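Thank you for making room for this on the agenda. I would like to walk through one structure, beginning with its internal spaces and then moving to the contact between its chains.

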Amino acid sequence: MLGSGADRLRADVNRLLAFLFHQGILDEQFLQLQQLQDESSPNFVSQVVNIYFQESEKLLRNLRSLLMERKLSDYKNIGIHINQLMGSSSSIGAKRVRNVCVAFRAASDQNNRTGCLRVLEVLEHDYCFLKNKLHELFQIEQQRILAGGVGYPMQN
Amino acid sequence: MSGNGASSSSLNMISGEDVVNNNLSALVVDDSPLLRLLHDIHLKKYGLKVQVAENGKVAVDLFHLGASFDLVLMDKEMPVMNGVEATKELRAMGVTSMIVGVTSKDGPGEQQAFMEAGLDYCFEKPLTPEIISFLLEELNKHNKD
């Protein structure tokens with residue numbers, strides 16, 4: 001039986017999700033991810049998101065390293081990294097990060113180093129914000145389950 | 001099966017419950033562990049037996065070793081051997097599996113080059129349940145012919 005603690009935490013999860021959707025941080029692809037979680041894969045969402053974090057941080061490190069090269073010429077490699085980040089961000093519903101990647105690719109296609117560095121700053125910031133919010137979401141969700149709530153998919 | 005590009009907007013959407021099939025097999029070819037996991041779980045939900053490969057060469061080697069799959073999800077940009085090269089090799093080997101390209105947002109010219117390598121369809125990431133349902137429906141139709 002759900003206690004009022006679990007109900008309150010469920011409301012917190014829903015409020016945070018609504019905020020993230022409203023702000024354009026996440027899109028419906030994140031809901032698709034939640035739909036794939038069930039008893040046979042109970043930690044699927046956090047597993048996928050943690051892989052996304054690992055991949056993204058590696059890509060962002062590589063991008064910064066490429067852009068800081070004194071004689072930058074490997075825009076093709078930069079484009080490949082951006083495409084990877086764009087694809088994985090789309091796949092988990094990280095809408096804002098994906099949209100910044102689109103701007104990044106436009107700058108890279110123009111061989112615009114200054115533009116690329118500027119967009120990379122934005123990308124790193126937005127990625128950090130996303131990561132913090134998703135960690136917060138998983139924390140509340142974990143507390144909710146411990147308080148006697150059931151896992152995804154959420155029942156309203 | 002002849003190459004025939006399709007956008008998600010032109011698909012006849014059916015319910016995923018209509019296409020649960022325990023007889024179909026799929027190979028997910030992608031250098032991203034995230035995309036491999038996502039597509040793996042997604043396809044298994046529809047009852048497919050799924051194998052994964054981290055680049056085009058691993059995929060081609062599987063076929064050389066005698067493996068066969070009804071469906072191949074082929075990422076475009078991969079190290080060692082990319083999706084375009086892998087698709088060309090598979091078709092040159094006589095592989096008749098449905099090969100579906102999966103790309104990031106590319107220009108029309110790049111998708112066209114990928115299609116011309118021998119794809120049946122090409123979609124942008126991510127593959128939605130509707131697109132997977134469509135592909136499985138097409139596979140079921142093809143298997144009945």
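**Cavities, interface and pocket**

A search of the whole structure, which I should say at once is a predicted model, turns up three cavities of 30 Å³ or more. Let me take the largest cavity to begin with, which holds about 100 Å³ of space. Its lining is made of 15 residues, and those closest to the centre are A:Asn83, B:Asp75, B:Glu77, B:Ser104 and B:Lys125. If we ask which element gives the most to that lining, the answer is helix α4 of chain A, residues 75-92, with four residues. In terms of residue class, the lining of the largest cavity comprises seven charged, seven polar and one nonpolar residue.

The second largest cavity encloses about 60 Å³, and here I can give the lining in full. From chain A there are A:Gln29, A:Gln32, A:Leu33, A:Leu36 and A:Ser91, and from chain B there are B:Leu35, B:Leu38, B:His39, B:His42, B:Pro126 and B:Leu127. Two elements give two or more residues each to this lining, namely α2 of chain A, residues 28-35, and α1 of chain B, residues 33-45. The largest share, four residues, comes from α1 of chain B. As for class, the lining of the second largest cavity has six nonpolar and five polar residues, and no charged residue.

One of those lining residues, B:Pro126, deserves a moment for its backbone. The peptide bond that runs from B:Lys125 to B:Pro126 is cis, with omega near -5°, and B:Pro126 sits in the loop between β5, residues 121-124, and α5, residues 129-144, of chain B. B:Lys125 has already appeared among the residues closest to the centre of the largest cavity.

Let me now turn to the contact between the two chains. Chain A brings 24 residues to the contact and chain B brings 18. The area buried between chain A and chain B comes to about 1700 Å², with 63% of it given by carbon and sulfur atoms. On the chain A side, the residues that lose the most area to chain B are A:Leu36, A:Glu55 and A:Ser91, which together account for 26% of what that side buries. Two of these, A:Leu36 and A:Ser91, also belong to the lining of the second largest cavity.

How many salt bridges does the rule find across the interface of chain A and chain B? There is one, and it is formed by the side chains of A:Asp38 and B:Lys45, at 2.4 Å from N to O. The rule also finds five residue pairs in polar contact across this interface, both residues of each pair being at pLDDT 80 or more. On the side of chain A that touches chain B, at least two residues each are supplied by α2, α3 (residues 44-67), α4 and α5 (residues 95-109) of chain A. Among these helices, α4 of chain A gives the most, with nine residues. Sorted by class, that side of chain A has nine nonpolar, 11 polar and four charged residues.

Over all chains, the count of salt bridges by this rule is 13. To place the pair I have just named, A:Asp38 lies in the loop between α2 and α3 of chain A, while B:Lys45 lies in helix α1 of chain B, so the pair joins two chains.

Next, the largest pocket, which has about 720 Å³ of space. It is lined by 29 residues, and those nearest its centre are A:Gly79, A:Ile80, A:His81, A:Gln84 and B:Glu77. The elements that give two or more residues to this lining are α3, α4 and α5 of chain A, and the largest share, eight residues, again comes from α4 of chain A. By class, the pocket lining divides into eight nonpolar, 12 polar and nine charged residues. B:Glu77 is also one of the residues closest to the centre of the largest cavity.

I will finish with chain A as a whole. Chain A has six helices and zero strands, and its C-alpha trace spans about 65 × 30 × 20 Å along its principal axes. One backbone detail remains to be mentioned: A:Asn111, although it is not a glycine, has a positive phi of about 55°, and this residue lies in the loop between α5 and α6 (residues 113-146) of chain A.

Key. Residues numbered from 1 in each chain as written. Chains lettered and ligands numbered in written order. Predicted model: local features only at pLDDT ≥ 70, side-chain atom pairs only at ≥ 80, totals over all residues. Heavy atoms only, no water. 1 Å grid on protein atoms, 1.4 Å probe; cavity = no way out; pocket = protein on both sides within 12 Å on 5 of 7 lines; lining within 4 Å. Points joined across faces, edges and corners; volume = space filled by probe spheres on them. Nonpolar A, V, L, I, M, F, W, Y, C, P; charged D, E, K, R; others polar. Contact = heavy atoms within 4.5 Å. Buried area = accessible area lost by both parts, 1.4 Å probe. Salt bridge = Lys/Arg side-chain N within 4 Å of Asp/Glu carboxyl O. Polar contact = N/O pair within 3.5 Å; in protein donor to acceptor, adjacent residues only side chain to side chain.
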